[in-house]
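Me: I've got a model open on my screen and I'd like to talk it through piece by piece. Let's begin with how a helix sits on its sheet.

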Amino acid sequence: MNLLQLLTNAGCSEIPDEDKRRTLKIVNTISLITAAMSGAFGLGCFITTGNIAISAPALIECALLSTVILLNYLGRNAAAGLSLIIINNASIQYYSAIMGRVTEVHLLFIFLVGLSLLVFEKDKPRRAFSIAFTIFAFLIGEINMYNGFISPVVPPEDHTNAQFIIRWVTIPSILILDLLVIYYYVRNIERLRIREMMHVQEMLDTVKEHNKDLEVLTAQLAKATDAKTVFVRETSHEIRTPLNAIFGISQLLQLKVEQDRSLAPIKQLADHLYAASYNTRDIINNVLEFSRIEAGKLDTPQAGPLNVREWMDNIVNMHQYVASVKTVKVKATLDQEIPQLILGDKILLTKTLNNLLSNAIKFTRQESTVTLDIFRNEYKWCLQVTDQGEGISTERQSTIFDAFVTERNIFLEGTGLGLHITRHLVTSMGGEIKVYSKAGKGTTFTVILPLKTPSAICNNGLDDDSRSVNLTDTSILIIEDDKMSQMVLSRFLSGMGSRIILATDGLEGLLLARASRPDIIILDSHIPGMSGKDTLAQIRTDDVLKNVPVIIASGDAFKENSEELLLAGANEYLVKPIDFKVLHSTLSKYLRANAHH
């Protein structure tokens, strides 16, 4: 190791911390460079001017800066750093006073502040002292400059050769020192950036080591355009098939309990099963909706005529089943000033109100009332849902619309996505959502939407959509490969008086359809052999079957899939698990249409 390396590394061997060693090297290097520059400046001034007032202090500074390296060697690192700052400040202000404006020593302010930041990077008190001392020293220098307390040895008006040499030796030296500290500072930033990148890479490597099973799954999904969307979509479909059976069985049990009073003891169990499966369905729907929002695939509102009273009653009736498990009553009121028909996107509005009512039922008290008020406010209309729960603290109100923020609840657990999704839905419809809550009294969510009415009101069948038709003597073909789904649908529909025909794949379904000419076909979109879409295409090109209503029953809840099948000729698209009330209403709609023909 040569002498230069020995000097720059003085005191580093006893320090294990890499950052401290680096700081010591910077202090030693800058001390060495400034000492060399001071010594050269002092000797040069002595040779050219013979002026001891200029040359002697520079040589003294050279000696003092050399002691900084000695202090580091002795392990006095803090003292070395402070000495470097103080010696440079004192020297600069001295030369500022005796040389006046011949040199631009104030340019060294950048050098000294940057040096303080480098030397005391992790020592905030000493860093603050160093910067404050530098500012103080420069203020003293400026005060002297303007008041002339100390007369310059080299007046600026004397344009001598010595003055010229001193000026053009000091200015490049000053710039070199400024560039030197900037260089070290930039290197430090780059070093921290590389270290952070290495730290992130180490974390990624650790995650990879502990998630080999997930890597296999990721590799399988990598072929898809959007891996996350495909994963959520497929998982949702897989979950919906068994959930459809659970949800269907719970509804069958509820119907059976209503018909047979001897089964009254299991009513509570049936209601709990229905509520739990209904909540699970909501969670899956919210996860899917969240994945769409994350992918930037927000639905564009499709405004159409909406009968507010019927829409409200249908949703409230559906939620009352879940609320009854908690002995909660859902009370709804509709302002008379709301028009019978308004323009709105029924799907987005239903998602919005479902999320608000589900939340209210989860967090209201046992044996309380959840209130839904729909009213007009000038050119807007409002959906207001109020519960009688514990309320939400003021601090929490600022975060409840964030994703995955939820409260603990012993009745039903959620994902914390409902309100996050609701805000997106409301915003997409040009509205806003507000929350008001009082501790121990409950919470009110208010959705405010633009009020629009159809320009030409047409009641073609709108008022009749909610009337259920008797299914007796209707023939329904179910094309479904899942035995459990077959059983659940068959039990419900046969219990309503329908004649059921079952097929497990598309080809068998087409043969049975041609032979039996059913009133309605319920077709699963995912069946073995010929796909649901291909089966639908065959039905729509068949002279015998082309006018038979086809209802798709699918576990695929993505809008793209439903739109594809509706464009291919399906009359309706129901997502599993299927609510029997919705199914009955849908069947009634097409049976009424057939009756009119």
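Me: Which strands does helix 17 (residues 532-541) lie across?
Reply: Helices here are DSSP runs of H or I with at least four residues, strands are E runs of at least two, and both are numbered from the N terminus. Touching or contact means heavy atoms within 4.5 Å. On that basis, helix 17 lies across strand 8 (475-479), strand 10 (520-524) and strand 11.

Me: Before we go on, what pLDDT must side-chain atom pairs have to count?
Reply: Residues are numbered from 1 along each chain as its sequence is written, and side-chain values use heavy atoms, leaving out hydrogens and water. This is a predicted model, where totals for chains, interfaces and linings use all residues, local features need pLDDT of at least 70, and side-chain atom pairs count only at pLDDT 80 or more.

Me: Back to helix 17: at what angle does it run to strand 10?
Reply: Axes are lines fitted to C-alpha atoms, for helices over the stretch in contact, and angles between N-to-C directions go from 0 to 180 degrees. For helix 17 against strand 10, that comes to about 155°.

Me: What about helix 18 (residues 559-567), which strands does that one touch?
Reply: Helix 18 also packs on the sheet, and its direction makes about 150° with that of strand 12. The strands in contact with helix 18 are strand 11 and strand 12.

Me: Which strands are at the edges of that sheet?
Reply: Strands count as paired if DSSP finds at least two bridges between them. The five strands make an open sheet with parallel pairing, in the order 9-8-10-11-12. Those that pair on one side only are strand 9 (499-503) and strand 12 (572-575).

Me: And which residue of strand 12 is the bridge partner of isoleucine 552?
Reply: Strand 11 (residues 550-554) pairs with strand 12 in the parallel sense over four bridges. In one of the pairings between bridge partners, isoleucine 552 is matched in strand 12 by tyrosine 573.

Me: There's something odd after strand 12: is the peptide bond from lysine 576 to proline 577 cis or trans?
Reply: Most peptide bonds are trans. Proline 577 sits in the loop between strand 12 and helix 19 (580-596). With omega near -5°, the bond from lysine 576 to proline 577 is cis.

Me: Now the other five-strand sheet: why do strand 2 and strand 6 each have a side without a neighbour?
Reply: The order in this open sheet is 2-4-5-7-6, with mixed pairing. Strand 2 (329-334) and strand 6 (432-438) stand at the edges, so one side of each lacks a neighbour in the sheet, as each has a single partner strand.

Me: How many bridges join strand 2 to strand 4 (residues 369-377)?
Reply: Lysine 329 has threonine 369 of strand 4 as its bridge partner. Strand 2 and strand 4 run parallel, and the number of bridges joining them is six.

Me: Helix 11 (residues 308-325) packs here too; where is its kink centred?
Reply: Helix 11 lies across strand 2, strand 4 and strand 5 (380-386), at about 170° to strand 2. A bend is the angle between axes fitted to the seven residues ending at a residue and the seven starting there. Helix 11 has a kink of about 30°, and the centre is histidine 319.

Me: Is valine 308 buried or exposed?
Reply: Valine 308 lies in helix 11 and touches Leu334, Ile338, Pro339, Gln340, Ile342 and Ile374, leaving aside residues up to four places away in sequence. Buried means under 20% relative accessible area, exposed over 50%, and partly exposed in between, using a 1.4 Å probe and protein chains only. At a relative accessible area of 1%, valine 308 is buried.

Me: Which residue with a positive phi follows helix 11?
Reply: Most residues other than glycine have a negative phi. The residue in question lies in the loop between helix 11 and strand 2 and is partly exposed, with a relative accessible area of 45%. Its phi is about 50° although it isn't a glycine, and it is threonine 327.

Me: Last one: how many of the 18 residues of helix 12 are buried?
Reply: Helix 12 covers residues 346-363. It is largely enclosed by the rest of the structure, because the buried count out of its 18 residues is 14.

Conventions:
Expected span 1.5 Å × (residues − 1).
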